[in-house]
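The following exercises are to be worked with the sequence and the structure at hand. Each task is followed by a solution that proceeds step by step.

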Amino acid sequence: MDVKKLEQDAVSLARRAVQCDQAGLVDTAISYYTEAADALLNANIAGSQLPNIREKVEEYLNRVQQLQANCMLRLCNIILLLYVLCNR
């Protein structure tokens, strides 16, 4: 695939990820961050000369992990609350 197209796709996907992240659309943000990282990795394999491309991939994947951890924490809090309410 064309390197420039992959780079452009990565930028577009990353912008969407940030917009969704800021809007609280966690599942969608996770998807876009993951796709942006994948596009950057493919661009890197195809010969992209973008600086710090691997650091950006790591940044996006770290954000995915943070969002997933936050979701898990919220889920645990909900389960705990339900447990407390059901055992009154």
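**Exercise 1. The inner face of a helix**

Which are the buried residues of α3? Determine also which helices they pack against.

*Solution.* Note beforehand that the model is predicted.

Step 1. A residue is called buried when its relative accessible area is under 20%.

Step 2. In α3, this criterion selects I53, V57, Y60, V64 and L67.

Step 3. These buried residues pack against α1 and α2, the latter comprising residues 26–45.

Step 4. An α-helix has 3.6 residues a turn, so residues three or four places apart point the same way.

**Exercise 2. The overall form**

State how many helices and strands the protein has, and examine its overall dimensions.

*Solution.* Step 1. The protein contains three helices and zero strands. Read from the N terminus, the order of elements is α-α-α.

Step 2. Along the principal axes, the C-alpha atoms occupy a box of roughly 60 × 20 × 20 Å.

Step 3. The radius of gyration of the protein is 17 Å, whereas a compact globule of 88 residues would have one near 12 Å.

Step 4. Of the 88 residues, 26% are buried. The protein exposes about 6,300 Å², and 56% of this area is supplied by carbon and sulfur atoms.

Step 5. Among contacts with a separation of 6 or more, 58% join residues 24 or more positions apart. One pair that is distant in sequence is Q68 and I30: they are 38 residues apart along the chain, and their C-alpha atoms are 8.0 Å apart in space. Q68 belongs to helix α3 and is partly exposed, at 42% relative accessibility.

**Exercise 3. Helix lengths**

Compare the end-to-end distances of α3 and α2 with the spans expected at 1.5 Å a residue.

*Solution.* Step 1. The expected span is 1.5 Å times one less than the number of residues.

Step 2. For the 34 residues of α3, the expected span is 50 Å. The end C-alpha atoms of α3 are 50 Å apart, which agrees.

Step 3. For the 20 residues of α2, the expected span is 28 Å, and the helix reaches 29 Å from its first C-alpha to its last, a close value.

Step 4. Just after α2, G47 adopts a positive phi of about 105 degrees.

**Exercise 4. The buried residues of the second helix**

List the buried residues of α2 and identify their packing partners.

*Solution.* Step 1. The buried residues of α2 are V26, A29, I30, Y33, A36, A37, A39, L40 and A43.

Step 2. They pack against α1 and α3.

Step 3. One of these residues, A43, is also touched by E7. Leaving aside residues up to four places away in sequence, E7 touches A43, S48, Q49 and L50.

**Exercise 5. Salt bridges**

How many salt bridges does a search of the whole structure find? Describe K4–E7, D21–R63 and K56–E59.

*Solution.* Step 1. Side chains of opposite charge can pair when their charged atoms come close. The search finds four salt bridges.

Step 2. In the bridge between K4 and E7, the distance from N to O is 3.4 Å. The two residues are separated by about one helical turn, because they are three residues apart in helix α1. K4 is exposed, with a relative accessible area of 52%, whereas E7 is buried at 9%.

Step 3. In the bridge between D21 and R63, the closest N and O atoms are 2.7 Å apart. This pair links distant parts of the chain: D21 lies in helix α1 and R63 in helix α3, 42 residues apart. D21 counts as buried because its relative accessibility is 18%, while R63, at 24%, counts as partly exposed.

Step 4. In the bridge between K56 and E59, the closest N and O atoms are 3.2 Å apart. Both residues lie in helix α3, three residues apart, or about one turn. K56 is partly exposed at 35%, and E59 is partly exposed at 44%.

**Exercise 6. A nonpolar patch**

Which residues form a nonpolar patch on the surface?

*Solution.* Step 1. The patch is formed by M72, L75 and I79. Together they have about 290 Å² of accessible area.

Step 2. I79 is located in helix α3, which covers residues 53–86.

How values were computed:
Residues numbered from 1 in each chain as written. Predicted model: local features only at pLDDT ≥ 70, side-chain atom pairs only at ≥ 80, totals over all residues. Heavy atoms only, no water. Patch = residues over 30% accessible without salt bridge, like charges linked within 9 Å, V, L, I, M, F, W, Y side chains within 5 Å. Areas by Shrake-Rupley, 256 points an atom, 1.4 Å probe, with all protein chains shown as cover. Salt bridge = Lys/Arg side-chain N within 4 Å of Asp/Glu carboxyl O. Helix = DSSP H or I, 4+ residues; strand = E, 2+ residues; numbered from the N terminus. Rg over C-alpha atoms; globule rule 2.2 N^0.38 Å. Buried < 20%, exposed > 50% of the residue type's maximum accessible area, 1.4 Å probe, protein only. Contact = heavy atoms within 4.5 Å.
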